[in-house]
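Welcome, and thanks for taking a look at this one with me. Below are a few numbered notes to help you find your way around.

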Amino acid sequence: ALNSAGEGPNCPTSLAWVPNADASLLVGFDNSVCAVFDVERGAVAQLFDPLNRAPSGATAVAFHTSLSHKLAVVGHMDGRARVYSLWTGDVAMSLKCGTDIVSAVAIDARGGYEVATGSHDGYLRVFDIRIGLQIQQVALHQRKFDEAIHSICHYGERLFTAGADADIAVLVAERS
């Protein structure tokens, strides 16, 4: 249904299962297009192209676990992560995530409102998407071959990152 001849997305770069949906998969593509696929029917259920196929491809995708929110976060090559409403397909907010490619995004798996982003500048950044502001920034990984953070897992008070420097970082929030 989709091809690389300019109709629909090009090369897939990232994917995530849609929580609370039986057979839906969000896929980000190298031309900035994102699509939600119905994997049982083998068809596109929703296609959105908020950057009008800008040369800022999608590099990482994540979903909010609450079905009522229907929010997706997509990291892009332009140093931004964008929060999308899947109800409308529109950009709800744009988060400035440093000076390099946003290579990883994660939303609190327990349904919270924190979005963690990692980029090839080596920084982990945490945003509160209720207000659209950065609440934490930590330098975690050293660059190696022009890459730094590869992956993030966010689970409430715990954040895990994997980097090009062959390290895994574990951050645990202090409880007050």
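1. Let's start with D78, in what is a predicted model. Is D78 buried, partly exposed or exposed? Its relative accessible area is 33%, and because the partly exposed class lies between under 20% (buried) and over 50% (exposed), D78 counts as partly exposed. You will find D78 in the loop between β6 (71-76) and β7 (80-85). A58 makes a useful landmark here: D78 and A58 are 20 residues apart in sequence, and their C-alpha atoms are 9.3 Å apart in space.

2. Next, please turn to the open sheet of four strands, which has the order β1-β2-β3-β4 and antiparallel pairing. Which strands stand at its edges? They are β1 (12-17) and β4 (43-48); each has a single partner strand, so one side of each is left without a neighbour in the sheet. On average, neighbouring strands of this sheet are turned by 25 degrees against each other, direction ignored.

3. Within that sheet, have a look at strand β3 (residues 34-38), which runs antiparallel to β4 and is joined to it by five bridges. F37 stands opposite V44 in β4. As a general reminder, strands of a sheet pair through backbone hydrogen bonds, either parallel or antiparallel.

4. F37 has another partner worth a visit. How many aromatic pairs does a search of the whole structure find? The search finds one: F29 and F37 form a tilted pair, with 6.5 Å centre to centre and 55 degrees between the planes. The pair counts as tilted because 55 degrees falls between the limits of under 30 for stacked and over 60 for edge-to-face. Both F29 and F37 are buried.

5. Now move along to strand β9 (residues 102-107), which is mostly covered, with six of its six residues buried. Strand β10 (residues 114-119) pairs with β9 in the antiparallel sense over five bridges. One match to look for is V105, whose bridge partner in β10 is T117. β9 and β10 form a hairpin with six residues between them, and G111 in the turn has a positive phi of about 95 degrees.

6. Finally, come out to the surface, where I168, V170 and V172 form a nonpolar patch with about 320 Å² of accessible area together. V172 belongs to strand β15 (residues 168-172). The relative accessibility of V172 is 57%, so this residue counts as exposed.

Conventions: Residues numbered from 1 in each chain as written. Predicted model: local features only at pLDDT ≥ 70, side-chain atom pairs only at ≥ 80, totals over all residues. Heavy atoms only, no water. Patch = residues over 30% accessible without salt bridge, like charges linked within 9 Å, V, L, I, M, F, W, Y side chains within 5 Å. Areas by Shrake-Rupley, 256 points an atom, 1.4 Å probe, with all protein chains shown as cover. Salt bridge = Lys/Arg side-chain N within 4 Å of Asp/Glu carboxyl O. Helix = DSSP H or I, 4+ residues; strand = E, 2+ residues; numbered from the N terminus. Buried < 20%, exposed > 50% of the residue type's maximum accessible area, 1.4 Å probe, protein only. Pairing = 2+ DSSP bridges. Axes fitted to C-alpha atoms, helices over the stretch in contact; angles between N-to-C directions. Phe/Tyr/Trp six-rings, centres within 6.5 Å; stacked < 30°, edge-to-face > 60°.
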